[in-house]
Amino acid sequence: MSSVMSHKMAAGNCGDGPRALIGPSILNADLADLAAESNRLLDAGADYLHLDVMDGHFVPNLTIGHPVIKCLRRRVPAAFFDMHMMVERPERWVQPMADAGADQYTFHVEAAGDVAAMVRHVREAGMRVGVALKPGTAVDVVTPWVDRVDMVLVMTVEPGFGGQSFMADMMAKVRYLRENFKDLDIEVDGGVGPVNIDACADAGANMIVSGTALVTSSDPAQAMMTMRTSVTRGLDAFKKV
Ligand SMILES: O=C(CO)[C@H](O)[C@H](O)COP(=O)(O)O
Ligand SMILES: [Fe+2]
């Protein structure tokens, strides 16, 4: 029996402030065995699944789309699906992803022509709204939208590939967001694992995507526990100030 919350429940902020949540990215897992890999990580304690969609245009790589998500949903009925949409014209896939069983739709601010319309569109489709920032995008590009979205994703690698090195200098964006928006769900993604979780935690991130570090770990349950403990400590420190 998986320990995950129902996918009908919100992933992050349930009214009493942000919670520490670990979402494995299955990008570098055995994609031919996606359901088994997903269930293995969920059974090891994952709070949600981070699913990377790449279109070969917004990023120089291709992964999966809504037909695969629809099949995965049948095999992984209860998990929260956090869609990281590294695609141009993200408005095209909102309804197909909602129909496929996605719970949260995170689009890149750099790819969205009309951010306000995207936010409305995702909400009307019944999903939580996330907005993502590439490393070169300044954090103040998203601040006008923060009150309307559920989550901001701060990329800690250049999007496109798993297994890259964590960019510690992105923590300034995370810290700025946490200091100014204490209830916001803030996700970090790219090169994150137990070795650098304290930097993410100290900056105030609460939704932690970890791909290669978890997929290749001999003890993913322990790795997730280590990261959750660090993030909980980080969030507690922000509550005291
Ligand atoms: O969005 C991504 C890449 O664009 C992935 O989610 C991210 O890279 C996770 O994998 P890893 O932890 O191996 O970096
Ligand atoms: Fe991602």
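Which element supplies the largest share of the shell around ligand 1?

1. In this predicted model, the largest share of the shell around ligand 1 comes from β2, with three residues. Both β2 (49-54) and β3 (81-86) supply at least two residues of that shell.

2. The surroundings of ligand 1 comprise 19 residues, and those that come nearest are Gly163, Asp189, Gly191, Gly211 and Thr212. By class, the shell around ligand 1 holds 11 polar, six nonpolar and two charged residues.

3. Polar contacts of ligand 1 involve both backbone and side-chain atoms. A polar backbone atom of Gly160 lies 2.8 Å from an oxygen atom of ligand 1, and for a polar backbone atom of Gly191 the distance to an oxygen atom of ligand 1 is 2.8 Å. In the side chain of His50, an N or O atom is 3.3 Å from an oxygen atom of the ligand. The protein buries 99% of the 360 Å² that ligand 1 exposes when taken alone.

4. Ligand 1 takes up the space of the largest pocket, which contains about 310 Å³. This pocket has a lining of 28 residues, and Gly163, Gly190, Gly191, Gly211 and Thr212 lie nearest its centre.

5. Four elements, β2, β3, β8 (207-210) and α7 (212-215), each contribute at least two residues to the lining of the largest pocket. That lining divides into 14 polar, 12 nonpolar and two charged residues.

Notes. Residues numbered from 1 in each chain as written. Chains lettered and ligands numbered in written order. Predicted model: local features only at pLDDT ≥ 70, side-chain atom pairs only at ≥ 80, totals over all residues. Heavy atoms only, no water. Near = heavy atom within 4 Å. Polar contact = N/O pair within 3.5 Å; in protein donor to acceptor, adjacent residues only side chain to side chain. Areas by Shrake-Rupley, 256 points an atom, 1.4 Å probe, with all protein chains shown as cover. 1 Å grid on protein atoms, 1.4 Å probe; cavity = no way out; pocket = protein on both sides within 12 Å on 5 of 7 lines; lining within 4 Å. Sits in = over half its atoms within 2 Å of the grid points. Nonpolar A, V, L, I, M, F, W, Y, C, P; charged D, E, K, R; others polar. Points joined across faces, edges and corners; volume = space filled by probe spheres on them.
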